[in-house]
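User: Please take a close look at one part of this model, namely a sheet and what packs on it. Then set that part in its wider context, with the cut-offs for each term.

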Amino acid sequence: MHNNKYLRDEIIRISGADVSKCMRCGKCSATCPAYDEMEYHPHQFVNMVECGDIEPLLNSESLYKCLSCFACIDRCPRGVQPAKVVEAVRLTAIRKQGANHITADDIPAVVDADTPQQLLVSAFRKYTK
Amino acid sequence: MRKCSLDKINLIFAEIAKNAELYLPVDQNDGSAAYKKWEEGTAWSNKLNTVKSPKDFFFPQTEDLMQFKTQGKNIEIVDTRSALQDFVIFGVRACDVKSFDILDRVFLSEPVDSFYASRRKHGVIISLACTRPSETCFCKTFDIDPANPTGDISAWKTESEIFFAANTEKGAALLDKLSSLTEECDDAAVLEQKEKINAIMDKLPLKNLTTDAFGGGKTNELFNAPEWDELSSACLGCGTCTFVCPTCQCYDIKDFNTGNGVVRFRCWDSCMYSDFTKMAHGNNRLTQKERFRQRFMHKLVYYPENNDGLFSCVGCGRCLAKCPISMNIVKVMKKIGGKKDE
Amino acid sequence: MQRVGVFVCWCGSNIAGTVDVEAVSEALKSEPGVVFSTNYQYMCSQAGQDMIKDAVKEHNLTGIVVCSCSPRMHEATFRKTAAAAGLNPYMVEIANIREQCSWVHKDVLTGTEKAIILGKAAVAKVNLNTPLIPGESPVTKRALVIGGGIAGIQTALDIADAGFEVDIVEKKPTIGGKMAQLDKTFPTLDCAACILTPKMVDVAQNEKIRIFSYSEVTEVQGFVGNFDVTIKKNARYVKEEICTGCGACVEKCPMKKIPNEFNLGMDNRSAIYIPFAQAVPKVATIDPNACNMLKNGKCGVCSKVCAAGAIDYTQKDEYINEKYGAIVVATGFNPISMDKFDEFAYNQSKDVITSLEFERLTNAAGPSAGKLVRPSDGKHPHTIVFVQCVGSRCESCAEKGKEYCSKICCMYTAKHAMLTRDKYPDTEVYVFYIDVRTPGKNFDEFYRRAVEEYGVKYVKGMVGKVTPEGDKLKVQASDLIANKQLHIDADLVVLAAAIEPDKSARPLATMLTASMDTNDFFTEAHPKLRPVESPTAGVFLSGACQGPKDIPETVSQAGAAASKVIGLLAKDKLTGNPCVANSNELMCNGCSSCANVCPYGAISYEDKEFRMPDRTTKVRRVAVVNPAVCQGCGACTVACPSGAMDLKGFANSQIMAEVDAICK
Amino acid sequence: MQKITRDQLVSKASELLSNGTVCCVLGWGMGEFDYDVTPTVFNTVEELNNGFVFNDFCGANFSKYLVSKAAKCDGKILVLLKPCDTYSFNQLLTEHRFDREKVYVVGIPCEGMADVSKVKAICGEGILAISSNGDNINVTTLYDENPIVINAADVLAERCVNCKSKKHVAYDELLGDEGEVIESNRFDEVARLEAMSADERFAFWQNELSRCIRCNACRDACPACTCEKCVFDNPNSGVENKSPANSFEEKLFHIIRAYHVAGRCTDCGECSRVCPQNIPLHLLNRKFIKDINEFYGDYQAGEEVGMRAPLVNYTTEDLEPGEVFDRGADNA
Amino acid sequence: MQVNEYKPLIVAFCCNWCSYAGADLAGNNRLAYPADVKIIRVPCSCRVNPMFILRAFQRGADGVIICGCHPGDCHYTSGNYYTRRRMAALFSMLDYLGIEKERTRVEWVSAAEGAKFAATMNDFAKTVASLGENKRLEDLRCKK
């Protein structure tokens, strides 16, 4: 199952989360406001990272759907910190050469008058290396 | 009188060490000095004196007396004494030299302590005059002249030279062996140094300390002095004063069970210790005050009473320097002895 | 000096095969103290034992060394032999030359050499042995049970059945505990009241049992067999022995708006109240915080209507001192507070309730007379969501939850869901679970019935958020099997709150010097072999104070605790283990190091007057070991820097003699 | 160097004596020289005026004296405690060694005490007078015409160089300003030894401990050593010995003594101060303190009354004895 | 391969309830370990005073091992927890004085772990043998 041990260990190291503590209660996913937007849900992130099944996650849009609201971290009864796992996978993805999820050129297209400046800045910070 | 340049002192040491073990004060890492065996390269200390007195050489802190070997229920007695080598102690100050006289009166009077006697026989003492006495020195109080140290050979050290004078046959024999390294001389330089020393002695803070109030026959007068309470009040009951003292000579005999037998040895005891002279019936001196008093009464009253008025303190000042609570014989003598003046 | 006899056993060829027994007995002959040494085929046989007895008489032996099998095997045997020969049994030492010598070494030379050394060590030890006499202490033939729930009730009844007096101390006005609040019990669905109230009546009527209700234990002194306990009887302002429990006062009391604890605040009671109809003792109690008469002297209605004249506004707290031989702790549990679980909106909506509240809602004697209605509007709920593991198995949230599994929630939730579907088939019932844990007789069958026969929807997943919206509760949850997020509009949400030990347990444990784990559950003397005893001798554990338990488990543990108590009280005297610590008061400086490490609270301190060397006297604090409580572990002997504390039978000198003998 | 003066102390002590708060005063008594101060009990204002002294050589920790002195007084005894002494005071109270009610504690500030052996090392023999002058100490000797001026910081006792606290953890009354617990470097020397090889450490301690003359000063001055009878004085203990007969017994004595005070030692430094052979005994005690801090969390003996010492306590998660060295390797 | 003729002397303190029983079980199962290991029975590992350990070294032991119940299994509930702290402190101190740390060990052996007992003793005896004679904590008077 651990088909990508190096990536797995790296992600666990970056996240600082202990995925083995997960007891599969699903409260993270139950509490997730972006659940329906996500292909892989918080509990799946935890489980798949634990199993080393990383590739699908790296290629998933879910990485950019997570709002980093940290509700899952707050609610998790085992202190697994799913959002940090998601964050770690996202970092792994965007740290690859040319894998920035957003570039300066993309901005004008998505921006409109109502978009707060803060959102753009934080998205830029979050999705690029 | 013979002299030699200080440049050649190591040659002197080497010559002495040819036929005997040579011990002399050596500087330690902690800033103090201690007697160490001389080997090529060992440097002689300039310190006034060592922390521990040289009494160790004749009366070591522990000394095996005999051994009992057991095998099952059989016991065999083994003499553990080994043949002693001749040794020389170099650089002994006048006060410490005097302390050997005091020990001799204890250990060499009948019955003679054969362990001590044999060490005395094998030892040669080369003394050294004190050019820089310290504020803690009060040897004069006990009629010891730091400018005229005794011992088998007396020595004086000046800036560049060292002078020797033999006082005993043993000393003369040793000095003879050093004749190729020394030259005959007059005593002018030594006399000059003695004068200097005497001048310094007159400036020492404890120069006026007297033994007038003490001596044989004073037991009744001093034993119940009320001052003992106050003087002993802070005493911790440790053995520092007795173990650094050149004249304290009490010892305990103990058995150590090695598993295969018993080693019977003696070791220094201290009258400050709660089990001092403890016997089957219990303890003679039950309180620290009594033990404290014992130490000073012994040095200043009991010992002189039994030894023609000789006090068993030499004024070396070690206890002044080392007592953790700075209580010492000087304070006792002033307090108890000063009483009379009031 | 001891006169030691050495007896080397061949154990057939077990020892003699690898150890030259003749050489061993010969070698030990010359050891100090040994006056007789021999060997024999089977030392433990009658003939072997007779040989020892004869030798004791013939050679006037004062100590015995048997070189044989492990002391764990035959130490007791040879001690009896010694006793039969008129020797103190503790003058026997065993050298283990079988398990720890002949059986592990193949070479006769090595085996013999080692056997001799082990023999020498035993001789060295026995030379320092002293006769030991076990201490005896009388036993007060009365037990105290702290807590009057089902655990306490059962323990008390069992002890009383055996003919011993028992006192129950219950801090509530009535006994009955949590079980009295329950509706039905799983997995048989008997009515809780129907099986509990007869037991409560039994307790009330049993001559051997006294109930101190509305009371607390405030001080415990003494030790096993001889506890001295102070019980504080809180003033209830009603003369217990006169009150008939008629209820007239309750009816007439003008203060009627006091939240009713028994129904978990879901309805109100009066200032003078009887918790429930079957309360034992069935006497009224005045709540001093609510009663106008007690607060400002204005009212007195109850006193006027009480025909028996039982009301006494001047009653004071009363302290009772009683002696007990044994104490049973049965302080039970409580559901944890839901205040910190914001996500479930417990404090925002009346329709989010705990399971215990649900019990009251469905109980015929409850606030809604057994009709399942929403607490907010009294309407019938159509969609009910049960959430399991609320606060249980919660590692990250120590400040609000518990790390352990509360054990009973899976089953009562299944019960609640099943009963709901049974009574109200029109309701939709969801149960969100992490795991369903049903180890127990008929438990899993019960849970499956809820799913298969009653159509309860079990969803693997957790509820993430409950949001009150209008008269609905929006429940957002995950369904891990379907990999979906669910959004349910519920009418009622029931939280299976974790359970925790009662808050009174911690101070009680301190009083009893009984140990507790980090969760405040009492620790047992041994987790497997002594599960109902506390490490403190004479203190026993019953029910959920030791760990989460359901009723059948509680009752069986209660019975087990009772049997241990009966076993203790049946003795007239307690014979202690003589290998106990003892403190030399002349050397002890009272520093408390030993008491700090004693797991049994066997060490206390006394101020003693000592004659000082200067003929004055000085009062000094010194340690005193209670030999009846000490179990002889020796922890104190090492904690003691002065060596004042030593252990009989394993004294410093004895162990060092063994070390010396082995190392020489 | 000291911020508080002798006169302030005398006036405070006199006041407490006169108004009956205390019946005697445990203070420092004047010696022959300026540096040989003796702990003294003063019973009257007159005695205080004549004999009380306070200077840079008042290092003795009075706490231990209370064990014997407190019970002997009819009323209260006044004790003057420096910050480090108050830790010993609390530790002794924790161990019920005297009655708190019999003692009146005046906390006094301390700027660090001088080590007379360091002064002697600089000035040599014949010290006639020592006086403080701001940050300097002036020493008049027999052999130098002018007083030798030395920086007080250069002759500070080791324990004061590495002072752990200027805060008083116990007092009835405080003179001067309260200080703070200090981040000291007191474990540096221990760490330096730990970093050595086992052979080097062995050689180091062999050299140090071989100088031991078993005068017991370290034990008798130690405020943690208040056993009614020390195991080393008790013939029945099996380890009694009176002399350092060989290197084993030197080690045995110092290991066991350090072990017996482990977790109770407040690191007051009296052992090293009183050692006539200048053996750095505090390095043994500090090793235990450092270990305890690292293994079981920071613990300062005597910080509060009633604390449970680490070696008479445990948690189920403690590290295994074998793991001690793994950690040591990491630290090195 | 060098044949080491040197036989170390090892003192093993075993608690009565777990490790001593574990040693018995090793015997029952005929699991061999060196005869250099001599066992002293104590009620609990917490009975072992550091002085006993030093005494053993003084009298000529080359290694000392203390065996007790596994943490949490102590017959007296907490004894081995104290052992753990005491020995951690003591061993660290011995190491600090430059005494070979491999000469001392604490091992938890349950009554069911006969095999572990034998394996532990074999391993410890080997370790101690490789260190050679105890010189740093020896008392020459006790040599034969």
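Analyst: The pLDDT is the predictor's confidence in each residue, on a scale from 0 to 100. For chain E its average is 92, and 96% of the residues score at least 70. The model as a whole scores ipTM 0.84 and pTM 0.78.

This is a predicted model, in which local features need pLDDT of at least 70 and side-chain atom pairs count only at pLDDT 80 or more, while totals for chains, interfaces and linings use all residues. Residues are numbered from 1 along each chain as its sequence is written, and chains are lettered from A and ligands numbered from 1 in the order in which they are written.

The part chosen is a sheet of chain C. Five strands form this open, parallel sheet, in the order E10-E7-E6-E18-E29 (chain C). Strands (E, at least two residues) and helices (H or I, at least four) are DSSP runs numbered from the N terminus, and two strands pair if DSSP finds at least two bridges between them. The edges are held by strand E10 (209-212) and strand E29 (539-541) of chain C; each has a single partner strand, so one side of each is left without a neighbour in the sheet. On average, neighbouring strands of this sheet are turned by 20° against each other, direction ignored.

Within the sheet, strand E6 (residues 142-146) and strand E7 (residues 165-169) of chain C pair in the parallel sense over 5 bridges. Opposite C:Glu165 in E7(C) stands C:Arg142. Helix H7 (residues 150-161) of chain C packs on the sheet and touches E6, E7, E10 and strand E18 (326-329) of chain C, its direction making about 165° with that of E7(C). Helix H16 (residues 551-569) of chain C also packs on the sheet. H16 touches E6, E18 and E29 of chain C, and its direction makes about 170° with that of E18(C). These angles run from 0 to 180 degrees between N-to-C directions, with axes fitted to C-alpha atoms, for helices over the stretch in contact.

Chain C also meets chain E, in a contact that takes 35 residues from chain E and 38 residues from chain C; two residues are in contact if their C-beta atoms, placed from the backbone, lie within 7 Å. On the side of chain E that touches chain C, two or more residues come from each of helix H1 (19-28), strand E2 (37-42), helix H2 (50-58) and helix H3 (79-96) of chain E. H1(E) supplies the largest share of that side, 6 residues. By class, the side of chain E that touches chain C has 20 nonpolar, 7 polar and 8 charged residues. Here Ala, Val, Leu, Ile, Met, Phe, Trp, Tyr, Cys and Pro count as nonpolar, Asp, Glu, Lys and Arg as charged, and the others, Gly among them, as polar. Among the elements of chain E, H1(E) has the lowest mean pLDDT (93) and E2(E) the highest (97).

A further contact takes 32 residues from chain D and 40 residues from chain B. The elements that give two or more residues to the side of chain D that touches chain B are strand E2 (38-42), helix H5 (116-123), strand E5 (127-133) and helix H9 (217-221) of chain D. E2(D) gives the largest share of that side, 4 residues. This side of chain D divides into 17 nonpolar, 9 polar and 6 charged residues.
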